[in-house]
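Visitor: Could you walk me through this structure, one step at a time?

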Amino acid sequence: MFLQIHPKNPEARKVAEVVAILQKGGVAIVPTDTIYAFICDIQQYKGFEKICRIKGIKPEKANFSMICSDLSNISVYTKPFDRAVYKLLNKALPGPYTFILEASHEVPSLFRSRKKTIGLRVPDHPIVMAIIAQLDRPLIATSLHDLDSIREYPTDPTEIADQWENVVDVVVDGGFGHLIPSTIIDCTADEPVVTREGAGDSSIL
């Protein structure tokens with residue numbers, strides 16, 4: 001399915017179509033504030049397994065991120081962190097950052113890396129946030145890489161649909177995406193460390 005959703009004012013009816021697919025273990029491709037991404041419902045192993053199969057990754061080796069609704073939602077899925085980290089997240093989110101934090105037991109074990117950490121995002125994009133609001137729980141997400149070896153990330157939703165519409169359950173057209181992924185900040189050590197420079201300004205540290 002190829003579904004156009006308004007990028008600034010997502011139509012609730014169309015968002016509900018995506019949510020219904022995710023609740024059944026489906027996989028969607030959606031825009032974020034950085035690049036397009038595969039998403040599935042955090043409670044649906046079927047969707048998680050399907051993304052792993054698409055990306056050629058064994059489920060036990062998957063190191064996907066979670067997309068949460070806000071900072072309080074993040075705190076449910078992480079072990080307690082200090083005030084400095086809280087202030088950093090509060091300053092950066094929503095925005096083009098992925099924060100690596102220690103996972104709490106609320107995170108399904110399937111989605112934890114062997115180091116028991118989890119990457120968490122709160123994108124500044126109406127479509128994906130509307131999906132989370134209707135689903136009422138986080139999403140599992142991972143970057144959509146281009147099948148063209150010259151470009152790392154696809155940006156044209158029509159081209160994305162041509163490549164992936166028959167592989168995933170729904171491709172959401174939310175306008176052209178971006179070429180730069182999120183900035184990754186590891187907050188599991190004494191001091192936060194930028195492990196990937198991306199769309200988010202690393203001087204936030």
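Guide: Gladly! Let us start with a term: two parts are in contact when heavy atoms of theirs lie within 4.5 Å. Keep in mind that this is a predicted model.

Visitor: Which elements do the buried residues of α1 pack against?
Guide: Buried here means under 20% relative accessible area. In α1, the residues that meet this are Lys14, Val15, Val18, Val19, Ile21 and Leu22. Their packing partners are β1, β2, β3, α5, β7 and β8.

Visitor: How are the buried residues placed around the axis of α1?
Guide: An α-helix has 3.6 residues a turn, so residues three or four places apart point the same way. Looking down the axis of α1, the buried residues fall within an arc of 160°, so they line one face of the helix.

Visitor: Which exposed residues sit on the face of α1 turned away from its buried side?
Guide: Exposed means over 50% relative accessible area. On that face of α1, the exposed residues are Ala12 and Arg13.

Visitor: What is the distance between the end C-alpha atoms of α1?
Guide: Helix α1 has 12 residues, and at 1.5 Å a residue they should span 16 Å. The model agrees, because its end C-alpha atoms are apart by 16 Å.

Visitor: Which strands stand at the edges of the sheet?
Guide: The open sheet has 10 strands in the order β1-β8-β2-β3-β7-β4-β6-β5-β9-β10. An edge strand has a single partner, so one side of it is left without a neighbour in the sheet. The strands placed like this are β1 and β10.

Visitor: What is the bridge partner of Val30 in β3?
Guide: Strands β2 and β3 pair in the antiparallel sense over 3 bridges. For Val30, the partner in β3 is Ala37.

Methods:
Residues are numbered from 1 along each chain as its sequence is written. This is a predicted model: local features need pLDDT of at least 70, side-chain atom pairs count only at pLDDT 80 or more; totals for chains, interfaces and linings use all residues. Side-chain values use heavy atoms; hydrogens and water are left out. Two strands pair if DSSP finds at least two bridges between them. Helices (H or I, at least four residues) and strands (E, at least two) are DSSP runs, numbered from the N terminus. The expected span of a helix is 1.5 Å times one less than its number of residues. Buried means under 20% relative accessible area, exposed over 50%, partly exposed in between (1.4 Å probe, protein chains only). The arc is that of the directions from the helix axis to the C-beta atoms.
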